[in-house]
Amino acid sequence: MRQRSLIAITAALSAGALTLTACGSRDSGDNGSDAKGGTTVTIGIDAPLTGDLSALGLGIKNSVDLAVKNANKKEYVKGVTFKVEAKDDQGQPSSGQQNSTAFVTDKSVLGVVGPLNSSVAESMQKVLDDAKLAQVSPANTGPGLTQGPDWQKKKVRQYKSYFRTATTDAIQGPYAAEYVFNKAKKKKVFVIDDKKTYGAGLAATFTDAFKKLGGKVVGTEHINPDTKDFSAVATKVKNSGADVVYYGGEYPQAGPLTKQIKAAGAKVPLVGGDGIKDDTFFKLGGPAATGDYATSVGAPVETLPSAKQFVADYKAAGYKEAYAAYGGYSYDSAWSIIEAIKKVVDDNDGKVPSDARAKVTAALQNVSFDGVTGKVSFDEYGDATNKQLTVYSVKDGAWKAVESGTYNGS
Amino acid sequence: MNELPQQLVNGLLLGSMYGLVAIGYTMVYGIVQLINFAHGEIFMTGAFGALTVYVYILPDGTSMWIALPLMLVGAIVVAVTVAVGAERFAYRPLRSAPRLAPLITAIGLSLALQQAVWAWYPEAKSARTFPSIPGGPFEIGNVTIQTGDVFLVAAAPLSMAVLAYFVMRTRTGRGMQATAQDPDTAKLMGVNTDRIIVIAFALGAAFAAVGSVAYGFKYGQIDFRMGFILGLKAFTAAVLGGIGNIYGAMLGGLVLGVAEALSTAYIADIPGMDKFGSQSWADVWAFVLLILVLLLRPQGLLGERVADRA
């Protein structure tokens with residue numbers, strides 16, 4: 001009897017667990033376009049749809065979905081109906097790799113938009129490249145992804161199928177350093193990073209540029225992204241006498257970090273990259289986040305004339321989540337794949353060729369069009385040719401653009 | 001400027017939170033020899049219970065003096081309900097099964113609880129903001145104590161005192177000690193062991209709930225994964241202090257917290273060690289300490305030498 005109830009309970013529990021998993025994956029199913037006739041081509045999305053970074057990830061997913069809907073509505077590529085397939089990577093490299101394998105297996109997938117995290121991209125690149133499946137990331141800023149681990153000395157294209165619409169940290173870090181040193185007039189910095197590919201890389205390029213300008217690094221610290229207790233670090237910042245903190249990392253940690261630094265008595269602004277430029281940052285940081293800065297890739301989407309249509313369409317489509325920091329880039333990423341597919345299909349008498357993946361990848365290299373964020377095209381490494389950046393500051397509970405520009409220094 | 005006092009306070013605050021959660025691990029282990037890996041998630045549900053009271057039950061703008069006790073009650077009610085439910089439906093049917101079976105069940109339960117909150121709690125897919133206690137930080141000498149930590153400073157010793165009184169002085173508490181020493185004999189002496197076990201789960205959950213409210217005030221945000229790492233640390237604290245010993249749990253928590261804070265602050269100053277001193281290495285040093293303690297005192301800091309019970 002006891003044995004039986006044991007089995008019953010185990011069964012009930014595992015059934016429960018399975019249902020829950022199912023709930024989780026339902027979100028990542030295709031809830032995009034309405035198919036009508038012709039060949040169906042899938043555009044894959046890999047982004048963190050759950051967990052800490054889901055605010056950014058869901059913005060990416062919705063924006064790609066919008067691009068695909070627009071392409072279908074306009075019948076932009078004759079005889080082809082697009083469909084999206086979004087997979088959740090939770091910001092984990094291992095999940096990213098599994099998702100890539102799934103995309104490769106699904107023959108209808110001709111391009112993948114994503115991921116958000118540079119560390120996830122590292123695990124996806126080879127899998128997709130081996131299948132010659134094109135990948136366009138709207139958000140990866142790690143320079144090594146396109147230009148190789150030795151990018152400072154010798155640039156080598158890593159994977160022919162990897163492209164991105166985001167600007168790299170090789171530009172973003174120095175751009176921030178220049179602003180902090182010359183415009184904000186801060187000379188003593190305390191640099192903190194989260195040891196991830198993105199955070200550590202950004203902190204390194206910032207540090208180099210800041211030192212070159214004549215600034216002083218009064219302390220460095222690496223935090224553990226799994227914890228929320230930064231009190232020991234905050235005390236160190238206070239005692240270092242720094243007049244500014246640079247954080248290479250993402251908003252789930254940056255919010256509590258800025259709060260705890262200010263609570264410890266160090267009333268200095270925190271500066272970060274595009275990874276902290278999300279509304280969740282000041283929700284988590286509270287009043288302490290006021291006056292903090294973030295650099296982000298491109299000009300503010302709201303101010304670009306080319307983006308007005310995107311913002312209006314996004315609103316009309318009624319997505320529950322905001323398009324967040326990478327919305328415009330995600331739309332452009334998806335559209336670049338659509339453009340490449342259009343070229344391939346047009347060259348093949350309106351049919352999708354059998355070796356479509358390799359052809360789409362090749363066509364992507366020469367794509368050029370006016371997108372949401374400006375002119376979209378890729379250089380010989382797969383990087384965006386658009387190298388604009390903007391400094392934002394938290395004011396009255398919102399990110400306000402301070403100034404935009406391009407970084408042309410070394 | 002000397003930062004030692006501040007870093008010690010940082011460590012003690014973090015440590016008393018570990019300690020509050022560690023009590024649940026140690027009590028349940030002491031009585032049924034089960035490592036309840038779902039305890040971290042019970043802690044998490046407590047925090048969401050408190051948030052529910054504040055956001056969805058109390059009217060906007062309720063004074064913190066009224067809200068805080070009610071949030072605490074909400075946290076305790078939710079955490080105890082989940083813990084007692086887990087004991088009744090997940091662990092009790094397995095009580096005579098091999099010891100690995102309830103352990104695996106605990107891990108499964110931990111995942112199920114995380115996913116349940118993720119799926120069904122409104123807007124819990126990313127971190128939710130927790131209310132904060134108004135008022136500025138308090139400065140004592142060159143040590144700053146944050147307003148959010150005041151609750152922890154008051155709650156941790158108070159909870160310990162209540163627990164000590166309960167276990168040592170009350171009839172149920174003595175029944176608990178008896179069950180821990182020998183369940184079969186305790187049963188023969190008329191102790192209702194089933195009831196004792198439920199009480200152990202409930203008490204552990206209540207302390208975790210107090211800890212979870214403290215966590216919310218301290219960090220200003222809670223999320224569905226907050227219990228995982230904290231639970232792991234609390235379990236470590238319980239082992240460090242001597243698993244099965246409630247004072248050991250608190251002491252282990254404090255030692256662990258202080259070790260983390262001090263290693264973040266000072267290891268980097270040792271010549272040649274600057275690579276190993278950042279906060280990301282604090283966990284490593286905390287575990288080095290655990291290994292050292294267990295090498296010298298396998299039963300933990302305050303643990304009794306018990307002939308192979310586990």
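**Exercise 1. Find how many residues the hairpin uses to join E11(A) to E12(A) in this predicted model, and describe the pairing of the two strands.**

Let's start with the connection: 2 residues make up the link of the hairpin between E11(A) and E12(A). Next, place the strands: E11 covers residues 368–371 of chain A, and E12 covers residues 374–377. Their pairing is antiparallel and runs over 4 bridges. To check one position yourself, go to Asp370(A), whose bridge partner in E12(A) is Lys375(A).

**Exercise 2. Work out the strand order of the 7-stranded open sheet in chain A, and say which strands stand at the edges.**

Read the order across the sheet: E7-E6-E8-E9-E10-E13-E14, with mixed pairing. Now look at the two ends. Strands E7 (216–222) and E14 (398–406) of chain A each have a single partner strand, so one side of each lacks a neighbour in the sheet. On average, neighbouring strands here are turned by 25 degrees against each other, direction ignored.

Then zoom in on the E7 end. Strand E6 (residues 188–193) of chain A runs parallel to E7(A), and 6 bridges join them. Within this pair, Ile192(A) sits opposite Glu221(A) of E7(A). Finally, add the helix: H8 (residues 231–240) of chain A lies across E6, E7 and strand E8 (244–248), and its direction is at about 170 degrees to E7(A).

**Exercise 3. Classify the crossing of H3(B) and H4(B), and name the residues that meet there.**

First, the geometry: the axes of H3 (residues 64–91) and H4 (residues 100–120) of chain B come within 11 Å and cross at roughly 130 degrees. Angles of 65 to 115 degrees count as roughly perpendicular and those over 145 as roughly antiparallel, so H3(B) is oblique to H4(B). The crossing is right-handed.

Second, the contact: Ala86(B), Ala90(B) and Tyr91(B) from H3(B) meet Pro102(B), Thr105(B) and Leu109(B) from H4(B). Sorted by class, these residues give 5 nonpolar, 1 polar and no charged.

**Exercise 4. Describe the side of chain A that touches chain B: which element gives the most residues?**

Begin with the totals: chain A brings 39 residues to the contact and chain B brings 36. Then go through the elements of chain A. H1 (2–26), H2 (54–74), E7, H8, H9 (251–263) and H10 (279–285) each supply at least two residues of this side. H1(A) gives the most, with 10 residues. To finish, split the side of chain A by class: 15 residues are nonpolar, 14 polar and 10 charged.

Definitions and conventions:
Residues numbered from 1 in each chain as written. Chains lettered and ligands numbered in written order. Predicted model: local features only at pLDDT ≥ 70, side-chain atom pairs only at ≥ 80, totals over all residues. Pairing = 2+ DSSP bridges. Axes fitted to C-alpha atoms, helices over the stretch in contact; angles between N-to-C directions. Contact = placed C-beta atoms within 7 Å. Parallel < 35°, antiparallel > 145°, perpendicular 65-115°, else oblique. Left-handed = near helix turned anticlockwise from the far one by under 90°. Nonpolar A, V, L, I, M, F, W, Y, C, P; charged D, E, K, R; others polar.
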